[in-house]
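Thanks, everyone. I will take the overall layout, then the two domains, then one sheet. Please have the sequence and the structure open.

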Amino acid sequence: MPELPEVETTRRGIAPRLTGATVTGVIVRERRMRWPVPAAIEARLCGQIVKAVERRAKYLLLRTGTGTAMVHLGMSGTLRFVTPGTTPGKHDHVDIETDADCVLRFNDPRRFGCLLWTDGNPLEHPLLARLGPEPLGAGFTGAFLHAASRGRRIAIKPHLMNAAIVVGVGNIYASESLFRAGIHPGRAAGRISLQRMTRLSEAVKSVLQESIRYGGTTLRDFYNGAGKPGYFRNELQVYGRTGEACIRCRHPIRQVLLGQRSTFYCPRCQT
DNA sequence: CCCGATTCCTGTAGGC
DNA sequence: TGCCTACAGGAATCGG
């Protein structure tokens with residue numbers, strides 16, 4: 001999926017045209033997603049003005065006067081604008097029609113994404129209530145990461161990908177951040193010093209910020225609201241570079257499985 | 001509680 | 001070309 005930079009890129013792409021627009025229609029062609037699209041979503045959303053398009057973790061929040069639509073892109077989801085009347089293709093599961101002469105189209109081949117509705121505070125929704133801090137926020141520091149890792153024997157990479165610890169860091173950016181911080185992805189989270197955790201928290205922030213500037217990473221099927229790919233793929237230093245020379249020491253990049261996920265690192269630079 | 005494995009789904013790349 | 005397997009950016013859930 002889209003990790004945090006891709007979701008943020010999507011948010012920035014759709015927010016200008018969506019904010020202030022009135023939803024004039026909702027078409028759901030497929031309700032079987034990660035969770036079923038609520039039967040009431042059409043009635044709740046129609047006629048509402050989108051007051052703001054926000055992001056919490058990897059969820060996009062379309063706030064209206066009466067409630068909030070929550071969108072998660074899963075592994076393969078995209079949101080993009082199409083002109084009214086555009087014939088839907090395969091996996092175009094939901095259209096949100098607006099009076100801004102555009103239709104927000106939700107496509108998701110693998111259907112790991114979701115579209116939910118909440119009447120209350122979305123931040124208190126069960127899926128959002130217990131999440132860790134935003135990685136780009138002030139609450140995510142080396143001290144926080146260090147404290148949240150005491151006594152943990154889990155490898156730092158899956159630890160970093162645990163949304164209860166910190167949100168938004170998926171498989172690509174976990175590998176990239178650990179490389180930049182010089183930390184071995186298999187090292188036990190509880191055995192990393194405060195100094196190195198500070199380096200790691202700063203690496204996470206800089207990698208995510210840099211990726212957002214590039215419009216995210218497109219491996220195969222991520223496109224922003226305008227249908228354009230992200231260009232951070234060219235800036236990846238270890239992800240997908242198995243066998244290539246490390247940019248720092250020229251040692252071949254190694255690929256291993258960690259927590260059932262492909263993990264890329266330099267065995268010489270990362271300890 | 002912690003942690004690793006499994007699961008949901010489709011598309012694609014690679015081996016033969 | 002076709003068939004088969006493995007794997008893909010997420011994350012809830014289950015079981016040890």
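Before I count anything, one cut-off: two residues are in contact if their C-beta atoms, placed from the backbone, lie within 7 Å. Also keep in mind that this is a predicted model.

With that cut-off, 15 residues of domain 1 are in contact with 19 residues of domain 2. The domains themselves are in chain A, with domain 1 covering 4-129 and domain 2 covering 142-265. Between their C-alpha centres there are 28 Å.

Which elements give two or more residues to the side of domain 1 that touches domain 2? They are α1, residues 4-18, and β5, residues 78-82. The most comes from α1, which gives eight residues to that side. By residue class, the side of domain 1 that touches domain 2 has six nonpolar, five polar and four charged residues.

Now the sheet. Four strands form it, in the order β1-β6-β7-β5, and the sheet is open, with antiparallel pairing. At the edges are β1, residues 23-28, and β5, each of which pairs on one side only. So that edge strand β5 is also one of the elements on the side that touches domain 2. Ignoring direction, neighbouring strands here are turned by 20 degrees against each other on average.

To look at one pairing: β1 and β6, the latter being residues 92-98, run antiparallel and are joined by five bridges. If you want a place to start on screen, find V23, which stands opposite T98 in β6.

Back to the helix. What does α1 lie across? It lies across β5, β6 and β7, the last of these being residues 103-107, and α1 runs at about 35 degrees to β5. The helix that lies across these strands is thus also the element that gives the most to the side of domain 1 touching domain 2.

Finally, the chain as a whole. Chain A has seven helices and 10 strands. Its radius of gyration is 20 Å, close to the 18 Å that the globule rule gives for 271 residues, so chain A is as compact as a globular protein of that length. The C-alpha trace spans about 55 × 35 × 30 Å along its principal axes. Of the 271 residues, 39% count as buried. As for contacts between residues at least 6 apart in sequence, 64% of them join residues at least 24 apart.

That is the end of my part.

Definitions and conventions
Residues are numbered from 1 along each chain as its sequence is written. Chains are lettered from A and ligands numbered from 1 in the order in which they are written. This is a predicted model: local features need pLDDT of at least 70, side-chain atom pairs count only at pLDDT 80 or more; totals for chains, interfaces and linings use all residues. Domain bounds come from an automatic or database domain assignment. Ala, Val, Leu, Ile, Met, Phe, Trp, Tyr, Cys and Pro count as nonpolar, Asp, Glu, Lys and Arg as charged, and the others, Gly among them, as polar. Two strands pair if DSSP finds at least two bridges between them. Axes are lines fitted to C-alpha atoms, for helices over the stretch in contact, and angles run from 0 to 180 degrees between N-to-C directions. The radius of gyration is taken over C-alpha atoms; the globule rule is 2.2 Å times the number of residues to the power 0.38. A residue is buried if 20 or more other C-beta atoms lie within 10 Å of its own, exposed if 12 or fewer, and partly exposed in between; C-beta atoms are placed from the backbone.
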